[in-house]
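Please open the model in your viewer and keep the selection panel at hand, since each stop on this tour begins with something to select and then says what is there.

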Amino acid sequence: MSNEKAINVTSEIGKLKTVLLHRPGRELENITPDFMERLLFDDIPDLEAARKEHDAFAQVLKDNGVEVVYLEELAAESIEDKEVRQKFIEQFLEEAHVNGEGTIKALKDHFSDLDNKELIDTLMAGVRKTELKDYKAESLADMASSDYPLVLDPLTNLYFTRDPFATIGTGITINQMRTETRNRETIFAEYIFKYHPRFKDAGVPIWLNRDEKTSIEGGDELVLSEKVLAVGISQRTDAASVEKLAKRLFENNESFETILAFDIPKSRAFMHLDTVFTMIDYDKFTIHPGIEGPLTVFSITKGKDGNLEIERERDTLEHLLAKHLELDNVELIRCAGGDPIDAAREQWNDGSNTLTIAPGEVVVYARNHVTNRILEEKGIKLHKVEGTELVRGRGGPRCMSMPLIREKA
């Protein structure tokens with residue numbers, strides 16, 4: 001299988017052909033009020049309702065000709081080999097910091113009764129002490145955590161598949177996540193691209209790997225065109241990671257000529273670049289008004305002898321995008337029209353986080369009525385999906401989807 005068939009994304013708006021999702025699982029039922037902050041949640045979604053919403057989201061994609069593949073299924077298919085499965089379990093438990101010998105043995109015994117799909121679902125969901133047969137806290141490590149009800153933490157953010165890895169050109173970044181809570185999510189990507197039949201022989205380049213010392217997350221990686229990549233320097237992505245990514249893309253002669261590093265506010269409301277800014281057509285973008293004014297952007301291009309040319313640009317987002325995309329002008333469509341109350345509310349509910357499935361055609365949360373009305377007035381075709389429960393994790397349609405293949409825009 002060629003790289004082009006396995007992985008290829010050179011646009012945010014080219015017709016979406018293949019996308020990776022994760023259907024919310026039992027991990028959401030292992031969130032409690034006491035542990036929400038630890039698990040990076042502000043509220044507790046209703047799993048049954050979240051699944052119905054997610055299934056409807058996936059169906060919209062399928063109805064529009066998109067191949068939908070699921071993280072949990074690809075991961076299960078990647079550990080068919082018994083040695084690979086054992087290696088996967090050992091690595092997962094080590095990175096989950098499961099230290100008590102009794103707990104490790106009890107978990108391995110528990111896993112031995114599961115087929116590969118059940119194993120993956122269980123690792124994603126986390127494991128409660130009450131699920132283990134004859135569990136006893138015998139080691140000091142076990143006894144010291146006796147008040148904590150889980151022996152393995154859930155991966156509650158997994159349905160936001162955009163962040164653990166990102167497709168850029170013909171390769172991927174397997175990301176070093178900012179928080180320890182999310183870092184285990186990238187183990188699945190590591191095994192999928194190393195062992196899954198669909199990818200293992202395709203020679204997919206890995207631009208950044210999960211063992212990097214600085215963080216980057218997929219919500220900050222936006223492929224604006226074959227020539228221009230935008231990356232946010234954000235609450236979750238380090239400037240050093242952007243620099244390393246630029247070097248590796250240029251060294252491997254990908255089509256990108258300019259990497260734009262957007263320095264955005266470091267706060268939860270502006271968590272990733274795609275929570276405040278997404279591309280929906282050749283010359284149209286959704287935007288949170290909070291980043292519309294003068295903005296610091298660093299343009300990175302290939303210099304001599306493998307060095308990078310870095311230029312600080314201070315201009316409005318509108319002018320910067322028009323300049324680098326070689327357009328006469330671009331239109332920034334403000335979340336909720338820029339109204340200070342409506343924009344803040346709909347931004348919090350991911351009004352600016354749209355998934356473009358073709359030029360001028362996007363998937364949005366139905367709940368953002370003001371923003372959606374404005375998008376329709378601008379001639380954008382909307383596919384509205386319910387997100388009452390899904391949005392509780394603070395992510396929208398783009399966050400919930402990882403494109404693997406897009407047509408050229």
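The model is a predicted one, and the tour begins with a pair of helices, α4 and α5, whose crossing is right-handed. To see this crossing, select residues 82-95 for α4 and residues 101-112 for α5, which pack at an angle of about 145 degrees with their axes 12 Å apart. Now show the side chains where the two helices meet: α4 contributes R85, Q86, I89, E90 and L93 to the contact, while α5 contributes I104, L107, K108, F111 and S112. If you colour this contact of α4 with α5 by residue class, you should find five nonpolar, two polar and three charged residues.

Next comes a sheet. Select β2, β1 and β19, given here in their order across an open sheet of three strands with mixed pairing. The edges are held by β2 (67-70) and β19 (402-406), and because each has a single partner strand, one side of each is left without a neighbour in the sheet. Looking along the sheet, you can follow a twist that averages 20 degrees from one strand to the next. Zoom in on β1, residues 16-21, which pairs with β19 in the antiparallel sense over four bridges; within this pairing, V19 stands opposite P403 of β19. Then add helix α2, residues 47-63, which packs on the sheet and touches β1 and β2, its direction making about 140 degrees with that of β2.

Move on to another sheet by selecting β11, β12 and β15, which in that order form an open sheet of three strands whose pairing is mixed. Which strands stand at the edges here? They are β11 (277-281) and β15 (331-334), each with a single partner strand, so one side of each is left without a neighbour in the sheet. Neighbouring strands of this sheet are turned against each other by 30 degrees on average, with direction ignored. Select β12, residues 284-287, together with β15, and you will see two strands that run parallel and are joined by four bridges; for T286, the bridge partner in β15 is I333. Adding residues 317-324 brings in helix α11, which lies across β11, β12 and β15 and runs at about 140 degrees to β15.

The last stop is the second largest pocket, which has a volume of about 370 Å³. To centre the view, select L224, S225, E226, K227 and L325, the residues that lie nearest the centre of this pocket among the 19 that line it. How does the lining of the second largest pocket divide into nonpolar, polar and charged residues? Colouring the lining by class gives eight nonpolar, five polar and six charged residues.

Notes: Residues are numbered from 1 along each chain as its sequence is written. This is a predicted model: local features need pLDDT of at least 70, side-chain atom pairs count only at pLDDT 80 or more; totals for chains, interfaces and linings use all residues. Side-chain values use heavy atoms; hydrogens and water are left out. On a 1 Å grid over the protein atoms alone, a cavity is a set of points where a 1.4 Å probe fits but cannot get out, and a pocket is an open set with protein on both sides within 12 Å along at least five of seven lines; lining residues have an atom within 4 Å of a point. Grid points are joined across faces, edges and corners, and a volume is the space filled by probe spheres set on the points. Ala, Val, Leu, Ile, Met, Phe, Trp, Tyr, Cys and Pro count as nonpolar, Asp, Glu, Lys and Arg as charged, and the others, Gly among them, as polar. Axes are lines fitted to C-alpha atoms, for helices over the stretch in contact, and angles run from 0 to 180 degrees between N-to-C directions. A crossing is left-handed if the near helix is turned anticlockwise from the far one by less than a right angle, and right-handed if clockwise. Contact means heavy atoms within 4.5 Å. Two strands pair if DSSP finds at least two bridges between them.
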